[in-house]
Amino acid sequence: MPNDFNQPVIEEFRANKGRVDGYFEGARLILLTTTGARTGSPHTTPVGYLPDGGERILVIASAGGAPRHPHWYTNLLAHPRATVESGAFTYEARAVVLEGEERERAFARAVEADPGWAAYQEKTERVIPVVALYEIAQGGPPNINARSMGEAIKVVHDAFRRELAQIRQEMSANGSGTPTLGAQLRVNCLTFCHGLHNHHTGEDIGMFPVLADRHPEAAPTLARLSAEHERIAALVEDLRRVVTAEEADPAAARVEVERLTAELEAHLTYEEEQLIPLLDA
C-alpha cells in the first residue's frame with residue numbers, strides 16, 4: 001500500500017525532475033526503491049542523502065530517531081540492490097552498510113553539517129546505520145529522466161543548478177564565525193566538481209562531435225562552448241584547491257563558488273538556447 005505521506009512527495013519529485021516543495025524543499029533527496037524483505041514487492045521511499053564523491057552516495061537510516069529501523073533499511077539487508085532516482089537520473093545501486101570507523105566518520109560528517117542527525121541518535125538506543133549506495137555500471141549512456149535529447153540537457157543542467165544553489169546556501173550558513181569549512185561541505189563541493197567535470201568531458205568527446213558532423217553551421221557555437229568548458233574547468237580546479245587546503249578558508253571558498261556560479265549559469269543558459277533546438281530538430 002502506498003504511504004499517505006510519501007506518495008505525494010514521490011509524485012511531485014518525478015513530475016518536477018527532483019524538485020519538491022514543502023517539508024523537503026531545498027533538501028538533497030532521492031527516491032529509493034527497495035525489494036520488500038518479506039513480500040518481495042518493490043517499495044519506493046523518499047530518502048535524504050549525502051554526497052560522497054563520484055562513486056557513491058550515503059543514506060542514513062534514522063527513521064526520525066524511532067526505536068526500529070526503517071523498512072527500506074531492513075529491505076536492503078535482505079536484498080542489497082536498489083533503484084535510485086535522483087531527479088535527473090535513474091540507476092541501479094549496490095547497498096553496503098558502513099561499519100566501524102568508516103561509519104563513525106560518515107555519521108560525524110553528517111552531524112557536523114546538520115545537528116538534527118545527532119538529535120535522532122539521542123532519541124534511540126539503536127546505532128543509526130549509514131548505508132553507501134554504489135551505482136552499478138550498465139554500459140552505454142546514462143538513463144536520464146527525459147523524453148528527448150533537448151529535454152535531457154535541461155534536466156541535467158537544472159540538477160547542477162540545484163546542487164550549486166544548495167552549496168551556496170550551506171556556505172552562507174557555515175561561513176559566519178566558522179574558522180574552517182566543515183568536512184561534509186568539502187565533500188559536497190568536491191562531488192559537484194567531479195560531476196561537472198564528467199558532464200563536460202562527455203559533451204566534449206560525445207555530443208559535440210556528433211552535432212558538428214550533423215550541423216556544420218553550428219561550428220562557431222560548439223567552439224565557444226568548448227572554450228567555456230576550459231574556463232569552467234579552471235574555476236573548478238580553483239575551488240577544489242581551496243576546499244582541499246589543510247586549513248580551508250570559508251571566505252575564499254565562497255568567492256570561488258560565486259565565480260563558478262556566474263560563469264556556469266551563463267554557459268548553461270547559452271548552451272540551452274543554442275543546442276536544444278538542434279537536438280530536438
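**Helices, rings and cores in a predicted model**

Q: Which helix holds Arg161?
A: We're looking at a predicted model here. The chain has eight helices to pick from, along with six strands. Phe160 lies in helix α5, which covers residues 149-175. Arg161 has its place there too, in helix α5.

Q: Which residue, 104 places from Arg161 along the chain, has its C-alpha atom 7.8 Å from that of Arg161?
A: Leave aside the neighbours within four places in sequence, and Arg161 is in contact with Lys154, Glu265, Leu268, Thr269 and Glu272. Among these, the one whose C-alpha atom is 7.8 Å from that of Arg161, at a separation of 104 residues along the chain, is Glu265.

Q: How far apart in sequence are the parts tied together by the ring pair of Phe160 and Phe192?
A: The two ring centres are 5.8 Å apart and the planes meet at 90°, so this is an edge-to-face pair. Both Phe160 and Phe192 are buried. Phe160 belongs to α5 and Phe192 to α6 (residues 183-214), so the pair ties together parts whose separation in sequence is 32 residues.

Q: How many aromatic pairs turn up in the whole structure?
A: One of the pairs is Trp72 with Tyr73, with centres 6.4 Å apart and planes at 90°, so the pair is edge-to-face. Elsewhere, ring pairs join Phe5, Tyr23 and Phe24 into a cluster. Searching the whole structure gives a number of aromatic pairs equal to five.

Q: Are Trp72 and Tyr73 buried or exposed?
A: The cut-off for buried is a relative accessible area under 20%. Trp72 comes in at 7%, and Tyr73 has a value of 7%. Both are under the cut-off, so Trp72 and Tyr73 count as buried.

Q: Which ring does the charged end of Arg94 sit over?
A: Two arginines are worth a look here. Arg103 lies over the face of Phe107, at 4.3 Å from the ring centre. The charged end of Arg94 sits 4.7 Å from the centre of another ring, that of Tyr134.

Q: Which element gives the largest share of the largest nonpolar core?
A: This core has 23 residues, and those touching the most other members are Ile167, Met171, Phe192, Leu196, Leu260 and Leu264. Two or more residues come from each of α5, α6, α7 (219-243) and α8 (250-279). The largest share is six residues, and the element behind it is α7.

Q: How many residues are in the other core, the one with Ile30 and Val47?
A: In the largest core, Leu196 is in contact with Phe160, Ile232, Val236, Leu260 and Leu264, not counting neighbours within four places in sequence. Apart from that core lies another, with Ile30, Val47, Ala61 and Ala93 among its members, and its size is 16 residues.

Q: How many disulfides does the structure hold?
A: Take Cys189, buried at 1% relative accessibility, and Cys193, buried at 0%. Their sulfurs are 6.6 Å apart, and for each the other is the closest cysteine sulfur, yet that is too far for a bond. The number of disulfides in the structure is zero.

Q: What is the radius of gyration of the chain?
A: The C-alpha atoms fill a box of roughly 65 × 45 × 30 Å along the principal axes, and 43% of the 281 residues are buried. For 281 residues the globule rule gives 19 Å, and the chain's value is close to that, so the chain is as compact as a globular protein of that length. The radius of gyration itself is 20 Å.

Technical notes. Residues are numbered from 1 along each chain as its sequence is written. This is a predicted model: local features need pLDDT of at least 70, side-chain atom pairs count only at pLDDT 80 or more; totals for chains, interfaces and linings use all residues. Side-chain values use heavy atoms; hydrogens and water are left out. Rings of Phe, Tyr and Trp (its six-membered ring) pair if their centres lie within 6.5 Å; planes under 30 degrees apart count as stacked, over 60 as edge-to-face and the rest as tilted. Buried means under 20% relative accessible area, exposed over 50%, partly exposed in between (1.4 Å probe, protein chains only). Helices (H or I, at least four residues) and strands (E, at least two) are DSSP runs, numbered from the N terminus. A charge sits over a ring if NZ of Lys or CZ of Arg is within 6 Å of the ring centre and within 35 degrees of the ring normal. Contact means heavy atoms within 4.5 Å. A nonpolar core is a set of buried Ala, Val, Leu, Ile, Met, Phe, Trp, Tyr and Cys residues joined through side-chain atoms within 4.5 Å. A disulfide is a pair of cysteine sulfur atoms within 2.5 Å. The radius of gyration is taken over C-alpha atoms; the globule rule is 2.2 Å times the number of residues to the power 0.38.
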